[in-house]
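Please look over the sequence and the model below before reading on. The paragraphs that follow go through it site by site.

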Amino acid sequence: MSRQRICILGATGSIGASTLAVIRQNPQLFEVAAVTAHANVEAMLAIYHEFKPQTLVMVDADAAASLRVQIDAQEVTILSGAGALIEVAAAPSINTVMAAIVGGAGLLPTLAAVEAGKRVLLANKEALVMSGQLFMDAARRSGAQLLPVDSEHNAIFQCLPTIVQEQLGYCDLAAAGVHEIILTGSGGPFRETPLAELELQSPAAACAHPNWDMGRKISVDSATMMNKGLEYIEARWLFNTAPEQLKVVLHPQSVIHSMVSYHDGSVLAQMGRPDMCTPIAHCLSYPERINSSVKPLNFLEVGSLTFATADAQRYPCLQLAMECCWLGQWATTSLNAANEIAVAAFLAERIGFTDIARVCATTVEAMATVISERELNSIPALLSVDKQAREHATDFIEYSLVQG
Ligand code: NAD
Ligand code: MG
């Protein structure tokens with residue numbers, strides 16, 4: 001059997017590294033054909049020397065120039081610029097695309113892979129949150145196979161019957177006997193922090209997740225639980241849920257990665273250690289199973305599993321995202337844009353932790369008054385909303401929070 005030829009978008013990130021770790025364990029099955037990164041030359045060089053991909057993309061032009069100096073470019077192609085991401089994601093020689101760029105920057109390349117009918121391993125949840133129906137329609141049209149990498153969605157996918165797995169985006173959950181989908185979340189590093197101390201939390205504290213080791217943006221999203229909000233929206237699109245079919249439950253131990261509750265009273269849960277190599281290996285090998293090098297779960301070490309509701313006062317971003325989910329595409333596109341701007345400002349220590357929710361709420365409110373199209377029916381339309389929302393969030397930060 002020939003090896004799957006893989007393109008890893010965002011190869012130098014946390015998901016990129018875990019993907020390469022799983023491929024390292026299974027070299028007979030996978031070939032790293034193309035890798036992309038924003039600007040990390042060191043990490044890219046290390047990937048090049050180990051995996052020998054034929055194509056490397058550095059979005060940043062200076063980083064690409066530096067890479068060209070350090071790699072003997074006889075047999076490799078080194079590209080730069082955002083357009084090159086789209087080119088490699090849709091290249092005919094690629095079978096499988098790992099979509100692991102962080103944020104809205106991943107939308108167009110991920111969509112290009114979907115439109116080209118690839119097997120798309122979706123980690124970049126922001127792309128789906130930004131484009132929802134357009135994204136799922138594109139997959140249905142092209143016949144692209146979507147496999148959810150996000151641990152919760154991967155867990156849900158594993159707990160659903162084959163018919164649903166093969167009809168992501170338009171599946172009929174009720175016909176498959178599903179009562180509801182239960183998204184679990186740990187509650188992040190500030191689950192027990194007194195509410196009055198939340199505004200004092202630093203980027204370092206927000207990025208110190210108790211269970212998962214991730215990139216900085218998603219780590220902050222986990223601390224605000226905006227991550228669970230984005231995942232709620234992601235689940236709505238992937239599994240075609242109605243509002244009453246989707247719930248969020250706190251589960252601090254991160255042993256159960258999510259659950260599906262059926263009409264007959266059965267609840268299926270997917271469990272494992274909190275290591276992204278497990279869902280990545282599942283997506284890479286689906287419907288087979290391969291070794292991910294993750295140790296089996298030891299229940300005697302786990303001890304007890306607990307559950308709680310997510311408090312709206314502690315996690316306003318989660319509440320806002322769940323509301324936006326059912327308002328229309330304009331709302332989730334605006335929310336995602338505002339959150340990216342707010343998280344970057346928080347990581348740069350320009351705004352406080354609790355300001356993130358403030359930026360998101362005021363931006364969505366403002367966008368509600370300027371948007372005439374509730375459902376965005378084209379990529380240019382949603383990119384325009386994305387841009388306006390980013391501008392609004394930036395202005396709010398500059399004039400109300402930083403100078404205010
Ligand atoms: P990360 O910050 O560690 O890595 C991001 C990658 O994207 C890097 O390779 C970087 O070079 C690239 N990148 C950043 N900005 C870019 C730009 N403007 N253009 C092109 N490339 C750019 O992020 P991560 O934690 O690996 O997360 C990646 C995605 O996967 C996110 O959407 C995140 O929500 C999702 N995800 C991550 C985890 C996790 O455990 N890390 C779990 C579930 C989902
Ligand atoms: Mg997740």
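Which helices each supply at least two residues of the shell around ligand 1? In this predicted model, they are α1, which spans residues 14–25, and α6, which spans residues 125–142. The shell as a whole has 23 residues, and the closest to ligand 1 are Thr12, Ser14, Ile15, His38 and Glu126. Sorted by class, the residues that surround ligand 1 are 13 nonpolar, seven polar and three charged ones.

Some polar atoms of the backbone also lie close enough to ligand 1 to be listed as polar contacts, for which the cut-off is 3.5 Å. A polar backbone atom of serine 14 is 2.9 Å from an oxygen atom of ligand 1, while for glycine 13 the corresponding distance, again from a polar backbone atom to an oxygen atom of the ligand, is 3.1 Å. A further backbone N or O atom, belonging to alanine 123, lies 3.4 Å from an oxygen atom of ligand 1. On its own, ligand 1 has 830 Å² of accessible area, and the protein covers 86% of it.

The next site is that of the magnesium ion, ligand 2. Its protein donors are Asp150, through OD, together with Glu152 and Glu231, each through OE, and they lie 2.1 to 2.2 Å from the ion. Along the sequence these donor residues follow the spacing D-x1-E-x78-E. Both aspartate 150 and glutamate 152 are buried.

Helix α7, residues 151–159, contains asparagine 154. Is asparagine 154 buried or exposed? Asparagine 154 counts as buried because its relative accessibility is 1%, and the limit for that class is under 20%. The side chain of asparagine 154 makes a polar contact of 2.8 Å with the side chain of glutamine 158. When neighbours within four places in sequence are left aside, asparagine 154 is in contact with Pro148, Val149, Pro279, His282 and Cys283.

A last residue to consider is serine 292, which is found in the loop between α12 (277–285) and α13 (299–302). Serine 292 has a relative accessibility of 9%, and therefore counts as buried. A polar atom of the serine 292 side chain lies 3.1 Å from the backbone nitrogen of valine 294. Apart from neighbours within four places in sequence, serine 292 is in contact with Cys277, Thr278 and Ala281. Although serine 292 and serine 18 are 274 residues apart along the chain, their C-alpha atoms are separated by 9.5 Å.

Terms used:
Residues numbered from 1 in each chain as written. Chains lettered and ligands numbered in written order. Predicted model: local features only at pLDDT ≥ 70, side-chain atom pairs only at ≥ 80, totals over all residues. Heavy atoms only, no water. Near = heavy atom within 4 Å. Polar contact = N/O pair within 3.5 Å; in protein donor to acceptor, adjacent residues only side chain to side chain. Areas by Shrake-Rupley, 256 points an atom, 1.4 Å probe, with all protein chains shown as cover. Helix = DSSP H or I, 4+ residues; strand = E, 2+ residues; numbered from the N terminus. Nonpolar A, V, L, I, M, F, W, Y, C, P; charged D, E, K, R; others polar. Donors = N, O, S within 2.8 Å, 3.2 Å for Na, K, Ca; no water. Buried < 20%, exposed > 50% of the residue type's maximum accessible area, 1.4 Å probe, protein only. Contact = heavy atoms within 4.5 Å.
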